[in-house]
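Okay, thanks everyone, let's get going. I'd like to walk you through a few spots in one model, so have a look at the screen.

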Amino acid sequence: MYIADAHCDTLYALAIRNRDPSTLQATRSALEQGGVALQTYALFIGTHDDPGTPKSRIRAMLGAVESLGVPLLEGPLPKKLPPGPVAVLSIEGGEAIDRLEELELYKSLGVRMITLTWNHENRIGYPALSGSRRGLKPFGFELLEQMGALGIIADLSHLNDQGIEDVLAHGRVKAAASHSNIRELTPFPRNLPRALAREIIRAKGFIGLNFCGEFLAGGRPATLEDVRRHGEAILELGGEKALGMGSDFDGISNWPQGLDSAADFPKLLKVLGQGVDHATLKDIAWGNLWRLYKEAEVLS
Ligand SMILES: [Zn+2]
């Protein structure tokens, strides 16, 4: 069975952190071993401690795309998901955008989704980790309008609850939480409260399961069963057509035992498949994310 994954930080690990490729989790060979047909590679704007600026770091990561050895899908998507592996791009952190006109350029470079904030407040809004209850800022609303017009998906992971509500209420942009779990199961601000997960499902959006140990299990070591529990919680909200993968590979420092890289996806599918029928498992594995990308394209 194919896999489509909504988030990994491999380009950042390679181009900004200069990590040894042999230590990475979402390399071409890991994707091939794990049956990953589609990998979303994030252009992560980086932290305040990284050298350069968000834009210079994005340029460096774009320069590293070719070294992945995974062909990038630019322009309109094919009718059917190719066996792959193929890559699509997202931007993680709205600091990459100074002017609305830049969105078109990013789109032409293969960017299909933008994570509105990372963990710092920016011109768009406030991150979940800030604890702020304020909503999107004026530039955030302008950006949504333009993203909707271009068919670029608004990624709600990292954004605070009020900001997420504002994006969903705006309604003219496709919305996803590319790498977030359920807060009632693991009380961490980066996880989505059930009520907002339900709203994303209602808006025909997407929620990708994050493999970060803390988001899955809090202080204890996470297991594949924890990934299943968070997935089940999303299915219980009616998320059969919204649930998918948001591994966060190469951006996390601990993960469930046995899920060491993209090569281990088949092990996870075995566990996830225990409680769902084959068609639903296929949607979770790749169908829902592929549909999100296709539907966003139709909107533009
Ligand atoms: Zn992230």
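Quick bit of vocabulary before I start: when I say helix, I mean a DSSP run of H or I with at least four residues, a strand is an E run of at least two, and the numbering goes from the N terminus. And yes, this is a predicted model.

So, with that in hand, go to helix α7, residues 194-202. Just after α7 you hit K204, which takes a positive phi of about 55°. And K204 isn't a glycine. It's in the loop between α7 and β7. Is K204 buried, exposed or partly exposed? It has 14 C-beta neighbours inside 10 Å, so K204 counts as partly exposed.

The helix before that loop has buried positions: in α7, L196, A197, E199, I200 and I201 are buried. Note that there's a glutamate, E199, among those buried residues. What's covering them? The cover includes α6, at 161-170, β6, at 175-177, β7, at 206-209, and α9. If you want a reason to look at the spacing, remember that an α-helix has 3.6 residues a turn, so residues three or four places apart point the same way.

There's another non-glycine with a positive phi, and that's N18, at about 50°. You'll find N18 in the loop between α1, residues 10-15, and α2, residues 28-34. N18 has 7 other C-beta atoms within 10 Å, and the cut-off for exposed is 12 or fewer, so N18 is exposed.

While we're on backbone oddities, scroll to the G84 to P85 peptide bond, which is cis, with omega near 0°. P85 is in the loop between α3 and β3, and β3 itself covers 86-92.

That takes us to the strands. Take β2, residues 36-44: how many of its residues are buried? That's 9 of 9, so β2 is mostly covered. On one pairing, β1, residues 3-5, runs parallel to β2 over 3 bridges. If you want a register mark there, D5 has Q39 of β2 as its bridge partner. β2 also pairs with β3, again in the parallel sense, over 7 bridges. For that pairing, put your cursor on Y41, which stands opposite L89 in β3. And the usual reminder when you look at side chains here: in a regular strand they alternate between the two faces of the sheet.

Next, a helix pair. Which way do α9, residues 224-236, and α10, residues 265-272, cross? They pack at about 55°, with their axes 9 Å apart. That makes α9 oblique to α10. The crossing is right-handed. On the α9 side, the contact uses L224, E225, V227, R228 and G231, while α10 brings K267, L268, V271 and L272. By type, the contact residues of α9 and α10 come out as 5 nonpolar, 1 polar and 3 charged. And remember α9 from earlier, as it was also part of the cover over the buried residues of α7.

One last residue and I'm done. R59 is in helix α3, which spans 54-64. With 14 C-beta neighbours inside 10 Å, R59 counts as partly exposed. For a sense of scale, the C-alpha atoms of R59 and P256 are separated by 32 Å, and the two residues are 197 apart along the chain.

That's my tour, so over to you.

Definitions and conventions:
Residues are numbered from 1 along each chain as its sequence is written. This is a predicted model: local features need pLDDT of at least 70, side-chain atom pairs count only at pLDDT 80 or more; totals for chains, interfaces and linings use all residues. Axes are lines fitted to C-alpha atoms, for helices over the stretch in contact, and angles run from 0 to 180 degrees between N-to-C directions. Angles under 35 degrees count as roughly parallel, over 145 as roughly antiparallel, 65 to 115 as roughly perpendicular and the rest as oblique. A crossing is left-handed if the near helix is turned anticlockwise from the far one by less than a right angle, and right-handed if clockwise. Two residues are in contact if their C-beta atoms, placed from the backbone, lie within 7 Å. Ala, Val, Leu, Ile, Met, Phe, Trp, Tyr, Cys and Pro count as nonpolar, Asp, Glu, Lys and Arg as charged, and the others, Gly among them, as polar. A residue is buried if 20 or more other C-beta atoms lie within 10 Å of its own, exposed if 12 or fewer, and partly exposed in between; C-beta atoms are placed from the backbone. Two strands pair if DSSP finds at least two bridges between them.
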